[in-house]
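Student: I've got this model open and I'd like a close look at one part of it. Could you take me through a single helix and then work outwards from there?

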Amino acid sequence: MLQLSELKKRYNTGDYALKGVTLDIPKGQVLALIGPSGAGKSTLIRCVNRLVEPTSGSVKLKEIELTRLSSSALRRARRKMGMIFQEYALVERLTVMENVLSGRLGYVGFWRSYLRNFSSSDIQEAYRLLDRVGLKHMADKRADELSGGQRQRVGICRALIQDPDVLLVDEPTASLDPKTSRQIMRLIQELCFERGLTAIINIHDVFLAQMFSQRVVGLELGNVVYDGPPDGLTPEVLTRIYGEEDWSATIKAAEGADDEAEDEEF
Amino acid sequence: MPTYQTSAGESWKHRTSREQWIRWFFWLIGISIIAYAWQMISEKTVWFFVVDAPSQAADIASRMVPPKWSYLNKLWKPVWDTLNIATLGTVIAMVIAAPVAFAAARNTTPNIFVRTLALFIIVSSRSVNSLIWALILVFILGPGVLAGTIAIGLRSVGFCAKLIYESIEEIDRTQVEAIEATGASGPQKMIFGILPQVLPTIAGVAIYRWDINIRESTILGLVGAGGIGLQLNGSLNTLAWTQVSMILLVILFTVFISEWVSAKVRGAII
């Protein structure tokens with residue numbers, strides 16, 4: 001459903017952040033993108049919704065070629081791509097409700113959004129989503145009063161109220177503690193499953209990537225160096241992605257946690 | 001290289017000896033200039049008057065007490081004018097300053113030409129004192145409150161726009177990026193992503209400038225631009241010292257009240 005082919009990005013400094021990435025992601029697949037800092041993970045997902053303009057190559061979402069869209073067509077296409085950010089990226093001084101409803105901005109006109117005059121079906125949906133993530137009682141709180149985990153849940157609601165086909169998730173757990181990280185990853189995984197969403201999740205934590213995804217792609221210096229199932233991450237593969245290190249502890253932890261994750265879910 | 005070798009091994013100094021000599025040299029030049037200027041001023045001062053100063057000051061002070069309380073009745077109207085000049089001037093300034101600030105900020109300006117124009121407006125407004133604006137405007141519009149109000153407004157545009165555009169340039173970009181990612185249009189990005197982040201600054205700047213403008217507008221009357229300065233000028237010229245002290249008391253009181261109001265409002269915003 002989401003197809004990247006020969007996607008390249010060259011920054012003004014002359015460095016290639018992506019050196020020709022080709023990926024075909026079927027509907028409903030949750031893909032974890034791992035790799036060291038600077039490997040191009042953030043650039044890759046930003047090239048999909050063109051927050052960063054790719055230099056060459058193509059990105060197709062449901063047969064629509066995103067890289068060639070005009071700016072108004074791009075705005076329409078972005079409505080179908082929800083994005084979740086590392087530092088939550090909520091508008092701090094707006095309320096939780098306003099933040100969730102801002103996910104509908106692509107669907108409403110300027111004056112209606114200026115007056116916060118959203119349709120009642122949008123508002124009902126916002127309440128449903130907040131209830132789903134357990135934050136219905138926080139709707140009128142200002143975003144900066146929430147804890148990290150709560151903010152990320154609001155960020156998830158904002159992405160989902162767009163009614164997206166794809167979720168682009170950029171380091172969702174980088175600012176969270178280990179327990180909250182797992183809860184957030186589990187929530188994203190469940191929601192993708194419930195709604196049949198395709199997702200690309202950038203993640204630093206190899207162990208979370210293995211726990212919560214169906215497919216892992218390893219990126220190193222802008223090249224795909226691994227593309228396969230989570231349990232294919234052997235010490236050799238991790239060395240190829242990240243460089244020489246003693247990986248035995250990482251892999252052992254993931255194997256133990258796999259069983260644990262399944263116990264908790266079902 | 002602050003690291004150097006001694007017989008005991010490596011050692012470290014904050015500055016090399018060359019840097020140290022250069023600093024000595026500049027201190028020497030600076031102190032010489034101050035000494036020379038001191039001597040010049042002292043030569044050009046008529047010491048006869050200076051020696052006399054304490055008794056002159058004491059004389060004026062004694063003529064100032066008691067303040068002429070009955071004069072207060074004639075001051076209510078000028079004080080009201082002064083407050084109006086400050087408040088309306090601030091409103092005019094903010095209405096002009098907000099768009100100028102968005103045009104001047106690197107991250108919201110439409111293009112380099114508009115940005116240059118906006119920066120030019122800011123610099124020219126800031127480079128002219130409100131008393132000089134008032135002098136010019138009294139020539140153009142005739143004496144009165146209108147000239148004073150516009151003078152205060154023009155003077156404040158640069159100040160307000162500068163502070164607001166600096167805060168626009170410091171906003172958190174990821175919040176705007178998140179709004180952009182939802183498919184929002186340019187104007188929607190502005191009202192959802194940027195405005196909430198700079199609104200506290202806009203309100204704070206308006207209050208701060210209003211506070212300054214109350215003090216500035218008390219002297220505009222000196223050049224005929226309305227307000228309590230007109231009475232002050234008249235009383236000084238006729239050597240009516242008890243009226244002068246009354247006016248100074250009223251100004252002190254007004255400024256005190258404005259300080260209190262702005263502190264309260266600022267506390268409520270943040």
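Tutor: Sure, let's start with α1(A), whose buried residues are A:Lys41, A:Thr43, A:Leu44, A:Ile45, A:Arg46, A:Cys47 and A:Val48. Keep in mind that this is a predicted model. That list covers seven of the eight residues of the helix, which runs over residues 41-48 of chain A, so α1(A) is largely enclosed by the rest of the structure. Notice that A:Lys41 and A:Arg46 are among the buried ones. Just after the helix comes A:Arg50, with a positive phi of about 55°.

Now zoom out to the chain around this helix. Chain A has 10 helices and 10 strands. Its radius of gyration is 19 Å, close to the 18 Å that the globule rule gives for 266 residues, so chain A is as compact as a globular protein of that length. The C-alpha trace spans about 55 × 45 × 30 Å along the principal axes of chain A. Of the 266 residues in chain A, 43% are buried. Take the contacts in chain A with a separation of 6 or more: 68% of them join residues 24 or more positions apart.

Back to A:Lys41 for a moment, as a starting point for a trip across chain A. A:Arg116 is 75 residues away from A:Lys41 in sequence, and the two C-alpha atoms are 35 Å apart in space. You'll find A:Arg116 in the loop between α4 (110-114) and α5 (120-132) of chain A. What is its surrounding like, in terms of C-beta neighbours? A:Arg116 has 15 of them inside 10 Å, so it counts as partly exposed.

The backbone there deserves a look too. Most residues other than glycine have a negative phi. A:Arg116, though not a glycine, has a positive phi of about 55°. A:Ala89 is another non-glycine residue with a positive phi, again about 55°. A:Ala89 is in the loop between β6 and α3 (96-101) of chain A. With 25 other C-beta atoms within 10 Å, A:Ala89 is buried, whereas A:Arg116 is partly exposed.

From β6 of chain A we can step across to the other chain. The buried residues of α7(B) pack against α2 (71-78) and β6 (81-84) of chain A, together with α8 of chain B. Those buried residues are B:Gln175, B:Val176, B:Ala178, B:Ile179, B:Glu180 and B:Ala181. After α7(B) comes B:Gly183, whose phi is positive, near 95°.

That brings us to the contact between the two chains. Chain A puts in 21 residues and chain B 18. On the chain B side, the elements that give two or more residues are α7 (173-181) and α8 (186-217). By type, that side of chain B divides into eight nonpolar, eight polar and two charged residues.

Chain B itself has a divided layout: domain 1 covers 1-44 and domain 2 covers 70-269. The C-alpha centres of these two domains lie 44 Å apart. Helix α2 of chain B, at residues 47-64, meets helix α10, at residues 241-269, where their axes come within 7 Å and cross at roughly 80°. An angle of 65 to 115 degrees counts as roughly perpendicular, and α2(B) and α10(B) are therefore roughly perpendicular to each other. From α2(B), the contact is made by B:Ile60, B:Arg63 and B:Met64, and from α10(B) by B:Trp241, B:Thr242, B:Val244 and B:Ser245. Sorted by type, the residues of this contact are four nonpolar, two polar and one charged.

Follow the chain past α2 and you reach the loop between α2 and α3 (76-104) of chain B, which holds B:Pro66. Most peptide bonds are trans. The one from B:Val65 to B:Pro66 is cis, with omega near -10°.

One last stop in chain B, for contrast with the enclosed helix we began with. B:Phe139 sits in helix α5, residues 130-141 of chain B. Is B:Phe139 buried or exposed? It has 12 other C-beta atoms within 10 Å, so B:Phe139 is exposed. From B:Phe139 to B:Asn129, 10 residues apart along the chain, the C-alpha separation is 16 Å.

Definitions and conventions: Residues numbered from 1 in each chain as written. Chains lettered and ligands numbered in written order. Predicted model: local features only at pLDDT ≥ 70, side-chain atom pairs only at ≥ 80, totals over all residues. Contact = placed C-beta atoms within 7 Å. Helix = DSSP H or I, 4+ residues; strand = E, 2+ residues; numbered from the N terminus. Nonpolar A, V, L, I, M, F, W, Y, C, P; charged D, E, K, R; others polar. Domains from an automatic or database assignment. Rg over C-alpha atoms; globule rule 2.2 N^0.38 Å. Buried ≥ 20, exposed ≤ 12 C-beta atoms within 10 Å, placed from the backbone. Axes fitted to C-alpha atoms, helices over the stretch in contact; angles between N-to-C directions. Parallel < 35°, antiparallel > 145°, perpendicular 65-115°, else oblique.
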